[in-house]
Amino acid sequence: MSIEASGFLPINLLTGFLGSGKTTLLKRILADPAFADTAVLINEFGEIGLDHDLVESVDGEMVLLHSGCVCCTVRGELAAALRELYSRRESGLLPPFRRVIIESTGLADPFPVLSTIKADPVLRHHFCAGNVITTVDAVNGLRQLDTYIESNRQAAIADRLIVTKTDLEAGCEGEALQARLRTLNPDAPILRAADPDLDLSSLVAVQSNLSASSSLSQSGFYCEEPMQLVSSDGVAHQAAISSISLSINQPVDWTAFGLWLTMLLNRHGERILRVKGILNLSGEERPVAVHGVQHLVHTPVHMDGWPSEDRTSRLVFILDGLDGDLLKRSFVAFTLARMPQMPSAAYSMIAAAR
């Protein structure tokens with residue numbers, strides 16, 4: 001279930017709705033010397049306009065740029081493209097890149113790209129999931145979030161949210177968009193593409209060590225209360241995306257929690273857009289941070305210390321059409337029950353949460 005990052009090449013996903021500025025951001029990345037050790041998989045060379053940056057053509061689908069970045073197009077299966085990329089790296093036909101960035105199409109659900117790493121027996125021995133970078137159009141973003149489920153899912157699973165075209169939007173709309181994004185994704189940094197101080201390398205930076213000072217609130221999140229997403233006109237959103245927060249005042253048994261989360265994601269992973277939390281585990285002095293996107297769960301991280309004197313475990317789930325109350329009850333019945341085997345009631349609740 002988990003992904004071990006140490007020693008693996010991280011795959012970062014650049015996503016965002018149609019017209020949200022992915023291509024513009026990608027051009028900046030390709031020209032930045034900080035990405036000299038990066039391989040970038042794009043949809044079409046023609047859209048990026050690489051002619052003036054071309055150093056040499058490796059073949060019809062792969063070029064080396066002045067910045068040192070390797071740029072490739074994906075013509076067939078993504079897994080095959082990644083295997084070929086790694087094979088050429090190992091044989092010395094390509095520079096020894098240290099990370100991969102994949103550009104997704106505007107209407108794509110990001111998760112199938114992430115799950116490719118886990119599903120392919122070759123890739124999972126060489127690659128790990130990096131950051132999801134989502135561009136959001138400051139002018140049309142609210143309307144797109146009101147209308148398209150893909151736009152919501154792209155924002156909800158992001159590790160970095162990049163707001164583009166801020167020079168064209170009215171101030172009130174920008175504030176409303178930021179509030180909506182914060183509701184959809186309580187903890188991802190919201191950055192402005194036009195910010196002159198924006199460090200592009202921070203988009204793919206991996207936070208390997210968590211500390212109390214890095215937490216955004218007492219629990220480590222902005223969102224500590226349940227929310228129900230609404231459209232800009234105030235009515236319930238057709239996407240049925242909501243969040244729930246769990247607070248646990250007693251130490252959590254890691255084995256029971258792991259079994260519960262594994263079964264939950266196996267059954268309903270596609271509808272759990274994100275889970276993130278801080279756990280007070282039995283027998284552990286330091287808190288443990290957990291983070292997952294749909295079926296994909298990253299390796300738990302031992303934090304340096306607690307954000308405050310409060311030792312309450314907290315979990316935030318971003319759900320797509322899943323019954324949050326039933327999820328809470330299954331968590332209590334399974335994880336907090338003092339039984340070595342799984343209570344039958346917990347299994348029934350997990351199976352019924354639909």
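# Rings and charges in a predicted chain

In this predicted model, the charged end of R89 sits over the ring of F97, at 5.4 Å from the ring centre. That contact brings together a charge and an aromatic ring, and the two themes can be followed separately through the rest of the chain.

The setting comes before the details. The secondary structure amounts to 10 helices and 17 strands, and of the 354 residues in the chain, 52% are buried. Among the contacts that join residues at least 6 apart in sequence, 75% are between residues at least 24 apart. The chain exposes about 15800 Å², of which 51% is supplied by carbon and sulfur atoms.

Turning to the aromatic side chains, a search of the whole structure finds 7 aromatic pairs. One of them is formed by W260 and F317, whose ring centres are 6.0 Å apart and whose planes stand at 85°, an angle over the 60 degrees required, so the pair is classed as edge-to-face. This pair links distant parts of the chain, since W260 belongs to helix 8 (residues 254-268) and F317 to strand 17 (residues 313-320), with their positions 57 residues apart in sequence. The relative accessibility of W260 is 0%, and W260 therefore counts as buried; F317, also at 0%, counts as buried too.

W260 takes part in a further aromatic pair, with F331, in which the centres are 5.0 Å apart and the planes make an angle of 75°, again edge-to-face. Because W260 lies in helix 8 and F331 in helix 9 (residues 324-335), this pair ties together parts of the chain that are 71 residues apart in sequence. F331 has a relative accessible area of 2%, which is under the 20% limit, and so F331 is buried. The two pairs belong to a wider arrangement, for W254, F257, W260, F317 and F331 form one aromatic cluster.

The charged side chains give a second set of links, and here the search of the whole structure finds 8 salt bridges. In one of these, R98 is bonded to D37 through a salt bridge whose closest N and O atoms are 2.9 Å apart. R98 lies in the loop between helix 3 (78-90) and strand 7 (99-103), while D37 lies in the loop between helix 1 (22-31) and strand 3 (38-42), so the pair ties together parts that are 61 residues apart in sequence. With a relative accessibility of 52%, R98 counts as exposed.

D37 also forms a salt bridge with R99, where the closest N and O atoms are 2.9 Å apart. Since D37 is in the loop between helix 1 and strand 3 and R99 is in strand 7, this pair connects parts that are 62 residues apart in sequence. R99, at 14% relative accessibility, counts as buried, whereas R98 counts as exposed. Taken together, D37, R98 and R99 are linked in a network of salt bridges.

Another salt bridge joins the side chains of R83 and D120, with an N to O distance of 2.3 Å. R83 lies in helix 3 and D120 in the loop between helix 4 (111-119) and strand 8 (127-137), so that this pair ties together parts 37 residues apart in sequence. The partners differ in their surroundings: R83 is partly exposed, with a relative accessible area of 34%, while D120, at 10%, is buried.

Key:
Residues numbered from 1 in each chain as written. Predicted model: local features only at pLDDT ≥ 70, side-chain atom pairs only at ≥ 80, totals over all residues. Heavy atoms only, no water. Phe/Tyr/Trp six-rings, centres within 6.5 Å; stacked < 30°, edge-to-face > 60°. Helix = DSSP H or I, 4+ residues; strand = E, 2+ residues; numbered from the N terminus. Buried < 20%, exposed > 50% of the residue type's maximum accessible area, 1.4 Å probe, protein only. Lys NZ or Arg CZ within 6 Å of the ring centre and 35° of its normal. Contact = heavy atoms within 4.5 Å. Areas by Shrake-Rupley, 256 points an atom, 1.4 Å probe, with all protein chains shown as cover. Salt bridge = Lys/Arg side-chain N within 4 Å of Asp/Glu carboxyl O.
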